[in-house]
Amino acid sequence: LEELKLGQKLNEGKTKQIIELADESGHVLVQSKDQITAGNAARKDQMEGKAAIANRTTSCVFKLLQEAGIKTAFVRQQSETAFVAARCEMIPIEWVCRRLATGSFLKRNPGVKEGYRFSPLKMEMFFKDDANNDPQWSEEQLLEKKFCLAGLTIGRCEVDIMNRTTVAIFEILERAWATQNCTLVDMKIEFGVNVSSKEIVLADVIDNDSWRLWPAGDRGQQKDKQVYRDLKEVTPEAMQMVKKNFEWVSERVKLLLEPQASGRVVVLMGSISDLAHCEKIRKACGSYGIPCVLRVTSAHKGPDETLRIKAEYEGDGVATVFVAVAGRSNGLGPVMSGNTAYPVINCPPITPDWGAQDVWSSLRMPSGLGCSTVLSPDAAAQFAAQIFGLSDHLLWAKLRASMLNTWVSLKQADQKLQACSL
């Protein structure tokens with residue numbers, strides 16, 4: 001790694017420093033420290049190696065979220081103990097998202113049992129103010145404050161975006177940790193306004209101080225910073241145990257970046273004249289990282305060949321979704337669907353002249369056939385991605401982030417339109 005030219009120190013917190021990068025305008029170095037704290041640093045200790053563990057953990061988590069399509073400040077891991085991020089003006093709020101009731105929630109809500117499950121997720125906000133122990137805030141307090149950061153005023157639209165984004169981030173990480181049989185109990189995150197793009201992005205860090213993690217859903221096996229908070233007294237042996245837990249998390253978090261299961265889409269077209277339609281399906285599959293194979297076969301003109309091709313893709317153990325593309329009378333989808341246990345999606349290329357009549361051959365099926373019909377090539381690929389997403393958390397994360405980003409862009413378009421017509 002090349003040596004970075006460091007500028008001035010912009011900020012220093014309990015566990016990290018933020019340093020300006022002289023050569024990369026708009027970027028900073030986030031340097032972790034070997035310090036662990038609890039209760040607003042009422043308890044603090046050096047934990048040798050913590051900086052590297054925290055940096056490894058946060059870099060993996062940010063990569064996972066960024067590859068899914070969540071907007072973050074993360075740029076790259078720079079060294080064992082530091083990463084490069086976009087420079088942000090931080091919004092002084094901790095956004096807390098909870099799946100199970102535990103910790104401070106129980107103290108503030110007597111009568112609620114530990115482990116009470118929130119569906120939908122429970123969102124809370126805390127204003128970053130060490131002197132007053134980070135008081136809980138309402139949306140109204142945040143709106144009335146009218147924070148202005150990097151030229152962006154935090155109003156209704158921005159608060160809604162941060163709320164929605166927190167939920168999406170939690171759900172993506174919850175699903176990722178579930179692949180390791182770990183329950184993500186709750187989590188806190190922070191947002192900043194990117195000084196270059198003026199966008200709200202996930203900023204700060206997400207490491208083992210940021211969440212509660214219970215392997216097999218068992219609080220007795222907790223692996224997060226709560227173990228340190230709960231220590232009766234801090235002994236060298238106790239600190240070794242805390243460090244071991246942190247290391248366990250930083251090793252496991254790497255596994256979250258590995259896809260669970262690879263699948264593929266096999267597009268069967270009735271004739272080569274449908275190629276352009278099929279290429280659109282293949283391109284859309286590519287955006288999800290799903291391999292896609294194109295084949296030409298007609299169930300009307302060569303049913304034996306259609307079934308031979310089907311057997312070829314059934315016989316190698318790769319999870320497959322078939323997409324049948326046939327204009328005029330679609331025999332391809334129904335014949336496939338009647339002869340395979342794999343999912344079949346009809347995606348007929350509809351022509352203006354006979355399309356309204358032709359589509360019935362895809363919609364009205366004999367009994368015992370389960371194929372669905374989707375007219376848009378993009379939507380056919382998305383449907384296949386949703387099927388694979390049930391068993392691949394990384395693919396599910398892309399779908400979840402895409403849903404969030406669509407919602408955010410609608411919200412921003414509405415805000416722009418209102419500003420113009422005022």
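A salt bridge is taken here as a side-chain nitrogen of Lys or Arg within 4 Å of a carboxyl oxygen of Asp or Glu. The structure analysed is a predicted model. By this rule the count comes to 28 salt bridges. One of them joins the side chains of Lys-128 and Glu-190, at 2.9 Å from N to O. This pair links distant parts of the chain, with the two positions 62 residues apart in numbering. Lys-128 sits in the loop between E10 and E11, and Glu-190 in strand E14 (residues 182–194). The partners differ in burial class. Lys-128 is partly exposed, with a relative accessible area of 38%. Glu-190 has a relative accessible area of 7% and is therefore buried, the cut-off for that class being under 20%.

Other salt bridges lie within single helices. In helix H4, the side chains of Asp-160 and Arg-156 meet at 3.0 Å, N to O. These residues are four apart, about one turn of the helix. Asp-160 is buried, at 17% relative accessible area. Arg-156 is partly exposed, at 41%. Glu-251 and Lys-254 form another such bridge, their closest N and O atoms being 3.2 Å apart. Both belong to helix H6 (residues 236–255); because they are three residues apart, about one helical turn separates them. Glu-251 is partly exposed, with a relative accessible area of 41%. Lys-254 also counts as partly exposed, with 35% relative accessibility. Beyond these pairs, salt bridges that share partners join Arg-98, Arg-108, Glu-124, Asp-186 and Arg-212 into one network.

The overall architecture was considered next. The chain contains 13 helices and 21 strands. Of its 422 residues, 48% count as buried. Taken along the principal axes, the C-alpha atoms fill a box of roughly 80 × 60 × 55 Å. Contacts with a separation of 6 or more were examined by sequence distance. Residues 24 or more positions apart account for 63% of them. The chain exposes about 20400 Å², and carbon and sulfur atoms supply 52% of this area.

Two packed helices are described by the angle between their axes and the distance between the axes. For helix H4 (residues 156–178) and helix H13 (residues 393–421), the angle is about 175° and the axes are 9 Å apart. Angles over 145 degrees count as roughly antiparallel, so H4 and H13 fall in that class. The H4 side of the contact includes Cys-157, Glu-158, Asp-160, Ile-161 and Arg-164. Further along H4, the contacting residues include Val-167, Ala-168, Glu-171, Ile-172 and Arg-175. On H13, the residues met include His-393, Trp-396, Arg-400, Leu-404, Trp-407 and Lys-411. Asp-160 thus appears twice in this account: in the contact with H13 and in the salt bridge with Arg-156.

Helix H9 (residues 332–339) has Leu-332, Gly-333, Pro-334, Met-336 and Ser-337 buried. Its buried residues pack against both strands and helices. The strands are E17 (263–269), E19 (319–325) and E20 (344–346). The helices are H8 (303–314) and H11 (360–363).

On the surface, Ile-272, Leu-275 and Val-296 make a nonpolar patch of about 250 Å². Val-296 comes from strand E18 (residues 292–296). This valine is partly exposed, with a relative accessible area of 42%. Patch residues must have over 30% relative accessible area, so the 42% of Val-296 satisfies that condition.

Several backbone features were also noted. The peptide bond from Ser-119 to Pro-120 is cis, with omega near 0°. Pro-120 lies in strand E10 (residues 117–127). Two aspartates have positive phi values. For Asp-134, phi is near 45°, positive in a residue other than glycine. Asp-134 occupies the loop between E10 and strand E11 (136–137), the loop that also holds Lys-128. With a relative accessible area of 17%, Asp-134 is buried. For Asp-204, phi is about 60°, again positive although the residue is not a glycine. Asp-204 is placed in the loop between strand E15 (200–203) and strand E16 (211–215). At 23% relative accessibility, Asp-204 counts as partly exposed.

Definitions and conventions
Residues are numbered from 1 along each chain as its sequence is written. This is a predicted model: local features need pLDDT of at least 70, side-chain atom pairs count only at pLDDT 80 or more; totals for chains, interfaces and linings use all residues. Side-chain values use heavy atoms; hydrogens and water are left out. Buried means under 20% relative accessible area, exposed over 50%, partly exposed in between (1.4 Å probe, protein chains only). Contact means heavy atoms within 4.5 Å. Patches are made of residues with over 30% relative accessible area and no salt bridge: like charges are joined within 9 Å, nonpolar side chains (Val, Leu, Ile, Met, Phe, Trp, Tyr) within 5 Å. Accessible areas come from the Shrake-Rupley method with a 1.4 Å probe; for residues, only the protein chains shown count as cover. Axes are lines fitted to C-alpha atoms, for helices over the stretch in contact, and angles run from 0 to 180 degrees between N-to-C directions. Angles under 35 degrees count as roughly parallel, over 145 as roughly antiparallel, 65 to 115 as roughly perpendicular and the rest as oblique.
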